Amino acid sequence: MHVLLVYAHPESKSLNGALKDFTVKRLEAAGHTVQVSDLYAMQWKAALDADDVLERKDSEPFHPERDSKYAFENGLQTPDIALEQDKLRWADAVILQFPLWWFSMPAILKGWVERVYAYGFGYGVGEHSDTRWGNRYGEGTLAGKRAMLMVTAGGWESHYGPRGINGPIDDLLFPIQHGILYYPGFDVLPPFVVYRVSRTDEARFSNIRDALGQRLDDLWKTQPIPFYPQNTGAYDIPECTLRADIAPGEVGFAAHVAQPALRIAAKG
């Protein structure tokens with residue numbers, strides 16, 4: 001299988017750097033082909049702006065959505081954007097690896113998403129009507145591929161628990177897992193999260209490495225997070241709200257994740 005690892009940490013000698021190197025070796029030892037997009041080493045341009053279009057009409061103000069669509073459809077994207085899109089097309093699975101900074105991904109990785117997910121590639125795909133609202137949330141350009149987050153956090157695991165001060169980790173990662181990965185079609189696996197990274201000694205690193213190795217070995221066996229697909233009956237279209245009989249009484253992020261007893265009902 002082909003695996004793309006998008007890596008966002010500025011220090012190669014960090015814990016993240018060690019986990020990246022381990023991940024590549026483990027996957028290659030299992031017979032997989034791996035490409036790494038090391039964003040800091042690549043000096044990736046994070047800002048989405050008019051320079052992302054090779055030729056544009058100077059008389060018109062920059063419009064991110066319109067200009068992205070024009071560049072994608074006419075082969076006028078900058079080479080760095082087009083190359084990352086080719087890597088995504090090539091990959092059977094994608095791993096986004098990053099430290100949790102200020103409750104989200106580093107700006108350089110967010111900029112990778114904003115620039116690479118062009119209109120017509122990451123969004124703006126498919127029919128928009130009273131019965132379908134585009135090919136997204138379970139459908140899209142990247143459907144059939146798997147994705148997983150590999151995240152490090154400075155706080156304790158309890159800080160990110162159901163009643164933790166930082167908020168539940170599933171809630172913090174929901175905009176990334178559901179909005180960035182599931183939106184264009186990925187099957188999203190549960191994240192691999194390492195907490196309290198500053199307290200990692202050799203013995204703890206060995207345990208982390210063993211746990212990560214098992215997750216990588218099971219990359220094509222692990223059940224994805226059961227998000228409700230948008231266009232198969234769980235949502236009223238075009239409102240894009242959950243049907244009244246799906247997760248009644250539930251609100252917020254958790255309502256969009258199917259419980260075992262409700263998955264059959266969502267197909268009705």
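**Exercise 1. The largest cavity**

How do the residues of the lining of the largest cavity divide into nonpolar, polar and charged? Work this out for the predicted model, and place the cavity among the helices.

Solution.
- Step 1. Begin with the count: searching the whole structure gives one cavity of 30 Å³ or more.
- Step 2. Take the size. The volume of the largest cavity is about 90 Å³.
- Step 3. List the lining. It consists of 14 residues, and those nearest the centre are Leu48, Asp52, Ser68, Ile81 and Arg115.
- Step 4. Assign elements. H2 and H4 are the elements that give two or more residues to this lining. The most comes from H2, with four residues.
- Step 5. Sort by class. Seven of the lining residues are nonpolar, two are polar and five are charged.

**Exercise 2. Salt bridges at Arg115**

Identify the salt-bridge partners of Arg115 and state which parts of the chain they connect.

Solution.
- Step 1. Take the partner Asp52. Its side chain meets that of Arg115 in a salt bridge, at 2.8 Å from N to O. Asp52 sits in the loop between strand S2 (33–38) and H2, while Arg115 is in helix H4, so this pair ties together parts 63 residues apart in sequence.
- Step 2. Take the partner Asp80. Here the closest N and O atoms of the salt bridge with Arg115 are 3.0 Å apart. This pair links Arg115 in helix H4 with Asp80 in helix H3, distant parts of the chain that are 35 residues apart.
- Step 3. Check burial. Arg115 has 3% relative accessibility, and buried means under 20%, so Arg115 is buried. Asp52 is buried as well. Asp80, at 27%, is partly exposed.
- Step 4. Extend the set. A network of salt bridges links Lys45, Asp49, Asp52, Asp80 and Arg115.
- Step 5. Set this against the whole structure, where 14 salt bridges are found. Another of them joins Lys20 and Asp21, with the closest N and O atoms 2.9 Å apart. Lys20 is buried at 13% relative accessible area, whereas Asp21 is partly exposed at 37%.

**Exercise 3. The largest pocket**

Describe the largest pocket by volume, lining and residue class.

Solution.
- Step 1. Volume: the largest pocket holds about 250 Å³ of space.
- Step 2. Lining: 15 residues line this pocket, and Val113, Glu114, Tyr117, Gly122 and Tyr123 are the closest to its centre.
- Step 3. Elements: helix H2 (64–73), H4 and helix H5 (169–182) are those that give two or more residues to the lining.
- Step 4. Class: nine of the lining residues are nonpolar, three are polar and three are charged.

**Exercise 4. A nonpolar patch on the surface**

Which residues make the nonpolar surface patch of about 430 Å²? Locate Phe103 and classify its exposure.

Solution.
- Step 1. The patch is made by Trp101, Trp102 and Phe103.
- Step 2. Phe103 is in the loop that runs between strand S3 (93–99) and helix H4 (107–116).
- Step 3. The relative accessibility of Phe103 is 40%, so this residue counts as partly exposed.

**Exercise 5. Backbone features in loops**

Find two residues other than glycine with positive phi, and one cis peptide bond.

Solution.
- Step 1. Arg196 has phi near 50°. Its place is the loop between strand S6 (192–194) and helix H6 (202–217), and it is partly exposed at 30% relative accessibility.
- Step 2. Ala247 has a positive phi of about 50°. This residue is in the loop between S8 and helix H7 (263–266) and is buried, at 10% relative accessible area.
- Step 3. The cis bond runs from Ile237 to Pro238, with omega near 15°. Pro238 belongs to the loop between S7 and strand S8 (241–242).

**Exercise 6. Two C-alpha separations**

Give the C-alpha distances for Tyr235 with Ile246 and for Pro79 with Leu54, and classify Tyr235 and Pro79 by exposure.

Solution.
- Step 1. Tyr235 and Ile246 are eleven residues apart along the chain, with their C-alpha atoms separated by 8.5 Å. Tyr235 lies in strand S7 (residues 235–236) and is buried at 10% relative accessible area.
- Step 2. Pro79 and Leu54 are 25 residues apart in sequence and 9.4 Å apart from C-alpha to C-alpha. Pro79 lies in helix H3 (residues 79–90). With 62% relative accessibility, Pro79 is exposed.

Conventions
Residues numbered from 1 in each chain as written. Predicted model: local features only at pLDDT ≥ 70, side-chain atom pairs only at ≥ 80, totals over all residues. Heavy atoms only, no water. Patch = residues over 30% accessible without salt bridge, like charges linked within 9 Å, V, L, I, M, F, W, Y side chains within 5 Å. Areas by Shrake-Rupley, 256 points an atom, 1.4 Å probe, with all protein chains shown as cover. Salt bridge = Lys/Arg side-chain N within 4 Å of Asp/Glu carboxyl O. Buried < 20%, exposed > 50% of the residue type's maximum accessible area, 1.4 Å probe, protein only. 1 Å grid on protein atoms, 1.4 Å probe; cavity = no way out; pocket = protein on both sides within 12 Å on 5 of 7 lines; lining within 4 Å. Points joined across faces, edges and corners; volume = space filled by probe spheres on them. Nonpolar A, V, L, I, M, F, W, Y, C, P; charged D, E, K, R; others polar.
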